[in-house]
Amino acid sequence: MTALAKLLKTTVFRLTLLYLLVMALFAAFLLGYFALNTRRLMNEQIVRTVETETDELIRQYEAAGLRRLLFIVESRGNQPGSSLYLVTTPTGGGIAGNVASLEAGVIERSGWVETSYRRLEEPDGGDHTALVKVTELPGGFRLLVGRDLAEREHLFRIVATAGRWSVAIVVVLGLVGGVFVSRRVLRRIDAMTDKARVIMAGDLAGRLPVAGSGDELDRLATSLNTMLERIETLLRGLKEVTDNVAHDLKTPLTRLRNRSEAALRNASSEADYRQALEAVIEESDGLIRTFESLLMIARAESGEPRADMVVFDAAAIARDVGELYEPLAEEKGLALRVEAAEAAPIRANRELIGQALANLIDNAIKYAAEADAAHGTAVAPAGLPIAVGAGAPEDGATMVAEAPPQVPPDVPPMFPPPPADVVVAAATIGDRIEISVADRGPGIAAADRARVLERFVRLEKSRSKPGSGLGLSLASAIARLHGGELRLEDNAPGLRVVLSLPRAAPA
């Protein structure tokens, strides 16, 4: 296809032709209206002039008779550029005037008529056109007064010629402008098409060019680039999930097979087989939990749970999930506190918010407990931490704390309560509801906080711990589903994870 044929088939060029046709018709209509109004105004002026002269000549005839009329007609008719005058007898014979000939039957009819004529001074000249008025005088004589229409026709031809040239200029300029605009738009479309072909060939990092003018093509390119970024993110995530599933699930599957093979080879009693089966079941449960987390992340990213969103109190969810995990925290020797006194309404999927919060609390308890163990903290039966290290018995005997003295309820405590190891909170911050879980564990370095939100990402210090690296990924996907975000902040010491969601009207 040639460049010209390609240009002529563009939508922009066709729209330009359509607009050009409309503008040309509008210009022709406007100029025609102007020409017709000019013709009408000149006719009105001629009519007024002829009627004025006719009335004056009739008054002269009525006042001084025919001789006076003939004298005035002869004197006016001989002046250069004069009107047309003719006085005839009742039988139609000319008596005075400057008209040599008229169309047949004109002088016999009274009133206005447009006729061709010849003047007396040019008997051999061509015919002219005039607008005349014929009046019958007392005694049967007839008076003709008129004006030549050459000036009117000349002006009309000037306007018509100007109109034709104007329409022609509009058409030419419109075609030139249409070609220019079409080529400019076509270049941008071709650039976008070429880039789209590159993207379709596999370069998902490519983006459509944006000129920066802010026009509709820029808005379209920006929207498509946003869509491409989302597609690239999803495909990259799919690739990462596939790679991570292949690498991270290979180990537990291999371990599962090795345990089964070892049981078949070495087990000699029912207890050995039972122990091997329990280990297989435990490993299978971990795999099932991993796949359930992957499915839940996929559901959250697809937007499927949006149909089940209701308005509820996030503070109540924080209290319920916190109460559920309090026994686990106590078992680990940790203090868990919930700070969610005020209502915090959100519109969300209750099951997913509860699952996200449970993942965050479970992570906080796990890492806070390991941090306490790493710092050498033991837990006395009464629940008071006893430092093991300086001042501890050298023989390794266990140091048992004495029970705290009983304090009457009306006496204020001498010392503030120790800080909680895990704090679950729900609060309203402006138009957002923030559900946070803070711990006093090792925390996460600022450089790694964005990376740990990806699937199966586990930092080096966490690879020896149980888990699949999907907890934070699931919480982040749930936050995005609800139009919110998941933030990781420094708790000094430890980590504070904030689930920020839009605030809803109270249910």
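A residue counts as partly exposed when its relative accessible area falls between the buried cut-off, under 20%, and the exposed one, over 50%. By that yardstick I231, at 36% relative accessibility, is partly exposed. The model discussed here is a predicted one. I231 sits in helix α5, which covers residues 216-248, and contributes to a nonpolar patch on the surface together with L204, M227, L235 and L238. Taken together, these five side chains offer about 410 Å² of accessible area.

Charge shows up on the surface too. D320, E323, E326 and E330 make up a negative patch. Of these, E330 belongs to helix α8, residues 314-331, and is exposed, with a relative accessible area of 60%. A314, also in α8, is a different story: its relative accessible area is 0%, so it is buried. The C-alpha atom of A314 is 8.0 Å from that of I433, although 119 residues separate the two along the chain.

On to the segments flagged in the record. UniProt, in an unreviewed entry, marks residues 12-36 and 162-181 as "transmembrane region". In the model, residues 12-36 are 100% helix and 0% strand, with 36 Å between the end C-alpha atoms. Residues 162-181 likewise come out as 100% helix and 0% strand, and here the end C-alpha atoms are 28 Å apart.

Salt bridges come next, and the structure holds 17 of them. Side chains of opposite charge can pair when their charged atoms come close. One such pair is E44 and R40, whose closest N and O atoms are 2.9 Å apart. Both belong to helix α2 (residues 11-64), and because they are four residues apart there, about one helical turn separates them. E44 is partly exposed at 32% relative accessible area, and R40 is partly exposed at 40%.

Helix α6 (residues 250-266) has a pair with this spacing as well: R257 and E261 are four residues apart, so about one helical turn lies between them. Their closest N and O atoms are 3.1 Å apart in the salt bridge. R257 counts as exposed, at 54% relative accessibility, while E261 is partly exposed at 35%.

A further salt bridge joins the side chains of E489 and R496, with an N to O distance of 2.8 Å. Both ends are partly exposed, E489 at 24% relative accessibility and R496 at 25%. The two are also members of a salt-bridge network that takes in E434, E485 and R487.

The backbone has its own quirks around here. The loop between β14 (485-490) and β15 (495-502) contains P493, and A492 is found in that loop as well. A cis peptide bond, with omega at about 0°, joins A492 and P493. A492 also has a positive phi, near 45°, despite not being glycine. With a relative accessible area of 60%, A492 is exposed.

Helix α10, residues 471-481, is a more sheltered affair: nine of its eleven residues are buried, so the rest of the structure largely encloses it. The buried set runs through L472, S473, L474, A475, S476, A477, I478 and A479, plus L481. After α10 comes G483, where phi is again positive, near 75°.

Key
Residues are numbered from 1 along each chain as its sequence is written. This is a predicted model: local features need pLDDT of at least 70, side-chain atom pairs count only at pLDDT 80 or more; totals for chains, interfaces and linings use all residues. Side-chain values use heavy atoms; hydrogens and water are left out. UniProt positions are given in the numbering used here, feature names are shortened, and annotations may be inferred rather than shown by experiment. Helices (H or I, at least four residues) and strands (E, at least two) are DSSP runs, numbered from the N terminus. Patches are made of residues with over 30% relative accessible area and no salt bridge: like charges are joined within 9 Å, nonpolar side chains (Val, Leu, Ile, Met, Phe, Trp, Tyr) within 5 Å. Accessible areas come from the Shrake-Rupley method with a 1.4 Å probe; for residues, only the protein chains shown count as cover. A salt bridge is a side-chain nitrogen of Lys or Arg within 4 Å of a carboxyl oxygen of Asp or Glu. Lys and Arg count as positive and Asp and Glu as negative; His and the chain ends are not counted. The place of a charge is taken as NZ of Lys, CZ of Arg, CG of Asp or CD of Glu. Buried means under 20% relative accessible area, exposed over 50%, partly exposed in between (1.4 Å probe, protein chains only).
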